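Colleague: Please take a close look at a single part of this model for me. I would like to know what lies on the surface there and how its side chains are arranged.

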Amino acid sequence: MQIHTIDKAQLINEVQLGNQLNRAVEQGRRSDFALMLAMLSPDYLETTPTEKPLPPATTEEQLRAYFELQEPAPLSTSEFCYPRGAEQSNAFHYGGLSATRLLSSLQPIAMTFPPQDTKGLPEELYHNLSGHERRRLPPTQPEPIKGSPQDLYLNLIRAKRSAEMYGAVAKVC
């Protein structure tokens, strides 16, 4: 009988204690404070939430649609960035800084323009290489395998026959 009463005496949260927990701290009653903390339930599933749940998180796309914002500026170059950059340059020469800012707000260009056709090397390093060294660099994209299923079949037959011949020679010796 005592076991069931002890189980029922467990507290779910601190609100059930009222001011007793605070008074125990203020008056220096360590034993009462320890007893009250021990009586709190260790199961987090039993605790009742006292705060309102947060509203569902909104994504960046939803916020952009709500505030009617354009797409963010790309981080790296795309096919549209070079003509847009030329347009911004013309806008600066003919319309000044305000025209350039307006055009960059309407049509953003990339934040960075990494070097192209330098096989992943910095531009100043790539242009400092000689022609022989440039040819020795690996290609940026691996070339597809040149072969057909018929060639593969013939190569497998040759490999099998050569393995049989070497196996026969090894048995004779």
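Modeller: What follows describes one surface patch and then, for contrast, two other places in the chain. Keep in mind that the model is predicted.

The patch is nonpolar and is formed by Leu-63, Tyr-66, Phe-67 and Leu-69. Together these four side chains have about 480 Å² of accessible area. Phe-67 belongs to the loop that runs between helix H4 (60-66) and helix H5 (81-95). Its relative accessibility is 53%, and because the cut-off for exposed is over 50%, Phe-67 counts as exposed. Tyr-66 is exposed too, with a relative accessible area of 64%.

These two residues also meet through their rings. The count of aromatic pairs in the model comes to 1. That pair is Tyr-66 with Phe-67, and its geometry is edge-to-face: the centres are 4.8 Å apart and the angle between the planes is 80°. The label edge-to-face applies because planes over 60 degrees apart are given that name.

Now a residue on the other side of the cut-offs. Leu-21 is part of helix H2 (residues 20-27). Its relative accessibility is 14%, so Leu-21 counts as buried, the limit for that being under 20%. Beyond its neighbours within four places in sequence, Leu-21 is in contact with Phe-33 and Met-36. Leu-35 is 14 residues from Leu-21 in sequence, and the C-alpha to C-alpha distance between them is 9.9 Å.

One more ring deserves mention. The ring of Tyr-126 has the charged end of Arg-134 sitting over it, 5.0 Å from the ring's centre.

Conventions
Residues numbered from 1 in each chain as written. Predicted model: local features only at pLDDT ≥ 70, side-chain atom pairs only at ≥ 80, totals over all residues. Heavy atoms only, no water. Patch = residues over 30% accessible without salt bridge, like charges linked within 9 Å, V, L, I, M, F, W, Y side chains within 5 Å. Areas by Shrake-Rupley, 256 points an atom, 1.4 Å probe, with all protein chains shown as cover. Helix = DSSP H or I, 4+ residues; strand = E, 2+ residues; numbered from the N terminus. Buried < 20%, exposed > 50% of the residue type's maximum accessible area, 1.4 Å probe, protein only. Contact = heavy atoms within 4.5 Å. Phe/Tyr/Trp six-rings, centres within 6.5 Å; stacked < 30°, edge-to-face > 60°. Lys NZ or Arg CZ within 6 Å of the ring centre and 35° of its normal.
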